[in-house]
Each structure stands twice: as structure tokens, then as C-alpha cells.
Amino acid sequence: MTNVYIASCDKDGGIYRFELSASGELRYLDVTPVKTPSYFVVSDGCLHTTLRAPFSNSGYSAYTSFAITDGGALGERSEILPSDGISACHLSVVDGVVYLTNYMTGSIKRMPDKLINRVGSGANKERQECAHPHCIIPTPDGKFLAATDLGCDTVSIYDKNLNEIFSVKAGDGYGPRHITFSPDGELAYVINELTALVTVYRYDKEAVKLVKLADCSARRGSFVGKFNGEGAGSAIRCCGEYLYTALREDNIITCYRRVGERLEYLYSESCGGDHPRDFNVFGDVLISANMVSNNVSVFKIVAGKGLEKIQDIEIKTPTCIAF
């Protein structure tokens, strides 16, 4: 059975669990109450999650984890530990160690006790007044961590002690938000929030650096959002020969075909709601968490052609989807 976990990032929210059926639809199983779960990953038999603002006397975010039972239900919860920052929005688990980003206060933390504060700003004075690290993931060889900083327009590589060993400028005012790697580990793809561009990099694992190759638009046609021309990258997923991105102001999912080091634009489709904060892909099913419209949309992927909606589920403030 494939378990699907969806975060409801609300003070009265929780982590919803569904079964993914053979038809692609989700069947509700249960919900585990927890205050403001924001982003999570499944690793080492646990669901590891950031909590946006769980403390009554502080605006700090936090981290906790749940043991996953044999059937997929969430079991015993670990201690709630502070992230030592505000708006913890992303995490990864590498060799059993949790790394997370505090977006608003510009820091990266290795749990439980190492915090680094990033310094800098960008060309967009409203959105890039200071550092805003948004995403941290392991490099394909598992030796390092790649992190994006929307506020500083940088993509950096750290060792596991959070020493920065490489950094590249995405472009003035780009606002890099999320990064993912190709299945063979040779390419990296970054969705830039403030320009709605996907930047393709070559990952040189010997030199431990990223080499910029090209920018590709994540939209076709005129902008329809609120930022007067700016895009808002929500997430990016690399699935075999396809790359998917979401723009949370345009409310679209865009699909590219990966052709060598190039991206071939295929289509953009409605996410099925408002503000796709996250989405995920499992086989030929794509699920979008539409935060503002309080719904989760389930699509069948018609390979290389488009998305066919098969289900809508009401969940308050959905922000993350994991299998």
C-alpha cells in the first residue's frame, strides 16, 4: 500500500494520511493532530517535519518526527525541538542528521545544536532585504548539501558541518527557491521565485561546484498573478525524462521534457486551486497542495501531453505532500 501524507499547516491542523489507489485517487485513512506542520520528508522509518510556529510564547519554528508503523500510520512522536529561527520551511535528512532552513531569520540549522546565520541581500529591496535560505538537499553523491537562498540570489554547497565550500550567483533579483537534481546526478535544476525562471546547472562532483548552463521560463503567455510580473516558484520535481515546476501566483504546473542539458517546454496546466505551495509526483499521479484555496488536487499525468484532474479534497492550508 502506498501511503500519502499531507500537511495541514494550521494551529488546529495535522498530518493527513491517505492510501493511493490503483486508479490514482486518494482514500482517507486518518489524521494525526499537530500544530502547524509545514514541510516534511520520510526517511529512516520516520516522518520528519518542521513546525511553522508551535510555541505559544515564541514565534520560533521547530522540528519533530513521528515513527512510521508497518502499515504506514504515524506512531510515537519525538521531542519538539526549536529551530532557533522563524519560518522553518524546508528540511532534509542525511545519514540520520536533520538539516533545516529558517527562511525569515536567514539561518540554516543542523539539528540539534549547530546554527549558521547567512548574510547578504539582493536587488529586489522588498523581497531580498536580507538572507532567506529556502531549501537544503543532499548532493547526488550524498557527500554535501546544496542550499538555495532567495534573499541573496545564491546557490551554495556545504559540507556536513555546514562549512560553505562553493557558492554561485543565480542572477540579480532571481530569488532561487528550490533545487533538485537529475536522476543521474549530473544536472541541477533551480526554480527562481522572483523571475519564474528555471536555471539549469551542471554539477561537477569532482570540483564540487555548479556551472550555469541556461535559463528557461516556467510560464507561457502573460503573467496573471499579483506580483506585477514576478513569479513565485513553489516547487520543482525531476521525474525520469520530465521536469515539473509550479508557480503559486499563476496557479500553474509546467512540464518540460529533459533533452540532454536542455529543457523542452511541453505544457502548463492549472493546479486546480489557488497557490500551489507544494506538489509531488508518484508514477503517473501528480498531487498539488493548493494552500489558499484549502484544497488538494489529484491529477493523472498523460505522458508528455497534459494533466487530467481526477479528484479534489478539502484540507485546510495544505503545504506539503510526501509518499
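Strand 17 and strand 18 run antiparallel to each other and are joined by five bridges. Strand 18 covers residues 187–192. One pair can be picked out by residue: F181 has A188 of strand 18 as its bridge partner. The model is predicted, and every value here is computed from it.

Now widen the view. Strands 17 and 18 belong to an open sheet of four strands. Its order is 17-18-19-20, and the pairing is antiparallel. Strand 17, residues 176–181, is one edge strand. Strand 20, residues 209–217, is the other. Each of these two pairs on one side only. Across the sheet, neighbouring strands are turned by 25 degrees against each other on average, with direction ignored.

What holds such strands side by side? Strands of a sheet pair through backbone hydrogen bonds, and the pairing can be parallel or antiparallel.

Next, go to an open sheet with the strand order 9-10-11-12. This sheet has four strands, and the pairing is antiparallel. Strand 9 spans 88–94 and strand 12 spans 114–117. These are the edge strands, each with pairing on one side only. From one strand to the next, the twist averages 15 degrees.

Look inside this sheet at strand 10, residues 97–102, and strand 11, residues 107–110. They pair in the antiparallel sense over four bridges. Which residue is the bridge partner of Y99 in strand 11? The partner is R110.

To retrace the path, find F181 and A188 for the pairing with strand 18. Then find Y99 and R110 for the pairing with strand 11.

How values were computed
Residues are numbered from 1 along each chain as its sequence is written. This is a predicted model: local features need pLDDT of at least 70, side-chain atom pairs count only at pLDDT 80 or more; totals for chains, interfaces and linings use all residues. Side-chain values use heavy atoms; hydrogens and water are left out. Two strands pair if DSSP finds at least two bridges between them. Axes are lines fitted to C-alpha atoms, for helices over the stretch in contact, and angles run from 0 to 180 degrees between N-to-C directions.
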